[in-house]
Structures are given as C-alpha cells and as structure tokens.
Amino acid sequence: MKKKEITIGIIFGVLSYLLYIGYDLTPLVILGLLGYFLYVISRKRGLLNLANHQKVIENINFSFEDIGGLDTPKQELKEALEFLIKSSLVYKMGIRPIKGILLTGPPGTGKTLLAKAAAGYSDAVFISTSGSEFIEMYAGVGAQRVRNLFQKAREMARIQKKHRAIIFIDEIEVLGGKRGNNTSHLEYDQTLNQLLVEMDGMSTETDVQLLLIAATNRPDLLDSAILRPGRFDRQVKVDFPDKESRLAILQLHCLNKPLDKNADLAEIAATTYGFSGAHLENVANEAAILALREKGSVIKQVHLREAVDKVILGEKLSDRFKNAETLHRVAVHETGHALISETLNPGSVDQITVTSRGNALGYVRHTQKEEQSLYTKSALDKEIMILLAGALSEELFLGERSTGAANDFQQAMELVQQIVSTGLSRLGVISLELLPEKEFYYVCQEIIRELENQTRKVLQGKDILLLRVVEVLKSKEKISGREFRQILSKHGNHEETRTA
Ligand code: ATP
C-alpha cells in the first residue's frame, strides 16, 4: 500500500513540475489513458490476474471423520500422507518423496472432500483450483499460472508458518490430457510441461513440503508422462459408496437435521444403490425441504423415501394425467412390472406408484437386498422379464401396447446384448468383432422372444388380481410393497383356483 502511494506521489510531482515549466501534457494524458484501458482489458481476460481463481484455505478445519464411509480411500490416502508428515525421516532414508496423488472416480463421490481432509490431517495450507483455470488461448499464460500456483503455495505456507502445502487440482484431465490432441495444442502442451517441471522440482530439502493432489473422472485421458513414477504415481480409486458407506454418509448429513426417532436410515441406504455421496447429501436435503413444506418439525421416513424418488426421477409433476385412460394404462403397466418382479423374486417390490416424475409416468421401486458384481444368466433373464412385463401387461389386459415402454425395451436390449457378449447365449463364447451383425441381431431377438413368451405365461389369467391392484393404485397413487403383497395373498389364491 505504501509503495502505491509513493508511486502516485512521484507521478503527481513530475506532472505538476512539467505543467509549471509549460510542457504540453496532452500526449502524455492520452498515452496514460490508453495504458489504463489495456490494463483493464487484460485483467478482465485474466492475463495479469494469474492467480485469481485459486481458493486458498490457510487453516483447514476438516478431517477424515467428516467424510462418511470410504474407508479404503481414506486409509490409502493416510498412508501416503505419512511420507509428507515424516519428510525428514523420508529424506534420511533416501526415499523418493511422494509428489502427486491422483484421486479417480465418478462425480460427487467425495474426491474434493478427501483432498481437504488430507490438508487437515497433515496440517498443511490448502490451495484448490481446477484444470480449466489454466486453459487460455494466449500461449504462455497457462504455464505462467502453473508457476504462480506453486509459488503461491510456498508463500502461503511461509506466511502461515507451516511446513506443508497441498495443492488440489480438480479436473486434471483438462490440464494433463494427452499431449498433441488439442487444436491449440501448443498452449496446452506448454501448460502441462510446466506442471511436470514444477513437480520435478519438488523436493524434501526445502522449508515447505509440497504435495499435489489431483482429481479426475477420466483417468484414461491423462498423458502418460503425468502418471509415470515420481509424478502422480499414487492412485486412489474413489468409487460409489457401498451400503455401509451410504449409511455413514446419510448419518453425517442428517446430524444437523431434526430426524424422527422412527426414521430408518439403514433402509434408505439399502435402497440407494449407485448413489454418490453428493446424491445422498441431496436426499437428506430434499427430505428436510419436504418436511418443511408439510410444516412438520421432524424429518420422517416418508420424507426420506420421497426424497430418494425425487433424486432418482426428478420433481413430481401433478397435472400430467389429463385423462383417466392414461392413468389406467400406466397403472396396468406398472402392476405388470410389479407382478413379475414379485413372482420371480418374492419380496422384491418396495413401492409401486403412478405419480409422474421427470420423464417417468409411473414406476416400481425394488428393494435392494445385496449388491452384486456378477450376474448369472438366470438373474439376467429375470431382470429382462421384469422390464418386458409392463408392455406385455398392456398388451394382454388392454389389447395393445403403447409408447410408454421405450425405456424398458432399451434397458432390456442392453441386458440381452450383455448375455450374448459374455458368452451366455446359445452361441457360447464369441468374439463381438468376428460375429456378423445379422447373427448378433437374430440371437438377441431370439432371447427377447423367448423371455416375452415366458413373461406372458406368468401374466396370463391374472386379470382379476391385476385389476384389483390397479384399482387400489389409481385411488391411492402409490402402494407399498407390503400392501401389494397383502393384496396378492388375499386375491392371488382366488386367481389360482379360478385358473386351475
Ligand atoms: P467432482 O468429481 O464432481 O468434482 P467430487 O468427487 O470431488 O466431485 P465432492 O465435491 O468431494 O465430490 O463431493 C460433493 C458433495 O457430496 C460434498 O460437498 C458432500 O456434501 C457430498 N459427499 C460426497 N461424498 C461424501 C462422503 N463420503 N461423505 C459425506 N459427504 C459426501
């Protein structure tokens, strides 16, 4: 600040003197205005403002305990951080320091949180930025920004009297993508080269130990130079959370919310397979909003369940059903799915609804018993039959199908293709490249036809039962799996007697 005032004072003094001796200041004033104009423009374009987009957190108050689940990534990260914390020992032993840790995984799974917790754990200054912040059309700007980033990290640590600084770069694939692939590749390559130079310059002998943590959803796009030993040689995979992790995340995000004593977060965790941490945070948030909308003082299980539906399918649309005919068709369709699901996997229906949300006019929610990484042929067959049952139910009980099954068919075809490509079809083990397209198509069709026939057989003769469920569904909009099973056991027996 002082420097600035002295400079302004000197300029003012010189100008006054020139005026006093009768010098014409017009050219100087024009030149000054032009310079100022150029300065403002370049600031706007970020040319001079090289470090503006970085978020610096000097004293991070965030720990691994603030992250739900993710035990394996946490453990791996802690192990790597020991090298940073015990850097003098690492130096004495002649061990190469860890310079970069790469966190890979789908969006919203907690990579940024892990990087923050790493800074808290190792008592480091935390600077976070994103790969896209380095990309400019002007050659050299990105490289300059990389230099500034490392410099700033060291400076901030010194100011804070800390010995460590963690630089977090999100979307590293933008900055560290394979070289030579971009149209303005000179600028991209220069920026990446600068990052590699800075990483090579990191050592344990300085007063501030630096660690680079980067995150990406697309590790396949990264340049191999960035992944070689001595650079980002530690990779930590951060996947979608499993059931226990989901429960832990939900519990964390409900800590500051008034939860009803009967609310069962374990049930919500069991039915949210494939949700990321960000989705689960959203479920807790939406549930609180729903409770507030109903002027309730606590979040109940119904709110949590409704929030899950909202996160999966979108906002409820109230006036989509203009006519009773469509409502009836949707109810028949969904009941078809539910009947087959319950027949093939007893206890699998969690809820049936004809409320439209997002793009879905109705849907059946299934209970998720356990997560699977392998599927047998019969398990895939069952999945396909459940998907086909909606359209077949319309065909059998309403006389014709509608366009409402397009999404079901698409999913069913994907599963059929999986059967063929994994060697589970009548063709046995095949190579997709060598199999003629026509042959592939015929085998897929054959499987679909066969499963359609099987599904039809299960549905046939169940009209009274189906209509009973449809009536309840139309009047109540949704029925729980338990209610559905009650109707089945009450009316199913009559049906069996009738068809016998
Ligand atoms: P992206 O790849 O899109 O940058 P990310 O993996 O970095 O995503 P984060 O930004 O770390 O994801 O997480 C987003 C939000 O999701 C967090 O602010 C938090 O609310 C929630 N979240 C994700 N994972 C967890 C977790 N394990 N525990 C608690 N909250 C979580």
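Ala, Val, Leu, Ile, Met, Phe, Trp, Tyr, Cys and Pro count here as nonpolar, Asp, Glu, Lys and Arg as charged, and the others, Gly among them, as polar. The model is predicted, so that local features need pLDDT of at least 70 and side-chain atom pairs count only at pLDDT 80 or more, while totals for chains, interfaces and linings use all residues. Residues are numbered from 1 along each chain as its sequence is written, and side-chain values use heavy atoms, with hydrogens and water left out.

**Exercise 1.** Describe the residues around the ligand, where a residue is near if one of its heavy atoms lies within 4 Å.

*Solution.* Begin with the 17 residues around the ligand, of which G68, G108, K111, T112 and H253 come nearest. Then sort the shell by class, which gives six nonpolar, eight polar and three charged residues.

**Exercise 2.** Which atoms of G68, H253 and N217 pair with the ligand, if a polar contact is a pair of N or O atoms within 3.5 Å?

*Solution.* Take the nitrogen partners to begin with: a side-chain N or O atom of H253 lies 2.8 Å from a nitrogen atom of the ligand, and a backbone N or O atom of G68 lies 2.9 Å from a ligand nitrogen. Turn next to N217, whose side chain places a polar atom 3.3 Å from an oxygen atom of the ligand.

Notes. A residue is near a molecule or strand if one of its heavy atoms lies within 4 Å of it. A polar contact is a pair of N or O atoms within 3.5 Å; within protein, one must be able to donate a hydrogen and the other to accept it, and residues adjacent in sequence count only if both atoms are side-chain atoms.
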